[in-house]
Amino acid sequence: AAECKNMHRSVFIKHSLQFKSFLYWCCTHLKTLILALWHYEVLFVAFLTFIFCNGGIVLGDKSHHETVFHLAQILYLIGLILAFVMLPNIAQQIYDALFKQQSRSTVQQHWLKLKQMMK
């Protein structure tokens with residue numbers, strides 16, 4: 001039990017050091033981050049401007065669209081975020097399978113094995 005506790009403590013320390021080094025990197029490269037993420041910043045400012053000008057996030061009749069906590073909406077949001085996060089990875093795998101010779105040969109070998117097994 002003591003070994004397990006020490007192992008968890010060392011993992012925690014390792015991750016906290018990685019987080020601290022990440023924060024340090026972000027602070028030292030702030031200009032680079034701002035320039036790299038400008039499109040997110042513009043979108044965020046536009047959203048805040050919309051909320052300020054509209055008086056809230058609701059379009060239309062505000063009495064029928066009151067903002068409340070709804071767990072299902074949070075789950076939908078998580079699914080949507082995961083889909084968009086995974087989309088570039090899936091697209092890269094499809095690209096590799098179709099256009100890279102090494103991946104293509106691996107896929108072709110797999111199909112040939114399947115064809116031989118079906119005979």
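**An all-helix chain with little burial**

Of the 119 residues in this chain, 3% count as buried. The model you are looking at is predicted, and its secondary structure comes to five helices and zero strands. Here is a quick tour, from the overall fold to one helix and then to some cysteines.

**Fold and surface**
- Following the sequence from start to end, you meet the pattern α-α-α-α-α.
- The chain has an accessible surface of about 11,400 Å².
- Carbon and sulfur atoms account for 71% of that accessible surface.

**Helix H3**
- Helix H3 covers residues 38-54, which makes 17 residues.
- Its end C-alpha atoms lie 24 Å apart, and this agrees with the expected span of 24 Å, because each residue should contribute 1.5 Å.
- Just after H3 comes Gly55, and the phi of Gly55 is positive, near 80°.

**Cysteines**
- How many disulfides does the chain have? The count comes to zero.
- A disulfide is a covalent bond that joins the sulfur atoms of two cysteines.
- For Cys26, the closest cysteine sulfur belongs to Cys27, and the distance of 6.8 Å is too far for a bond, because a disulfide needs the two sulfur atoms within 2.5 Å.
- Is Cys26 buried or exposed? Its relative accessibility is 15%, so Cys26 counts as buried, the cut-off being under 20%.
- Cys53 is exposed, because its relative accessible area of 63% is over the 50% cut-off.

Definitions and conventions. Residues numbered from 1 in each chain as written. Predicted model: local features only at pLDDT ≥ 70, side-chain atom pairs only at ≥ 80, totals over all residues. Heavy atoms only, no water. Helix = DSSP H or I, 4+ residues; strand = E, 2+ residues; numbered from the N terminus. Expected span 1.5 Å × (residues − 1). Buried < 20%, exposed > 50% of the residue type's maximum accessible area, 1.4 Å probe, protein only. Areas by Shrake-Rupley, 256 points an atom, 1.4 Å probe, with all protein chains shown as cover.
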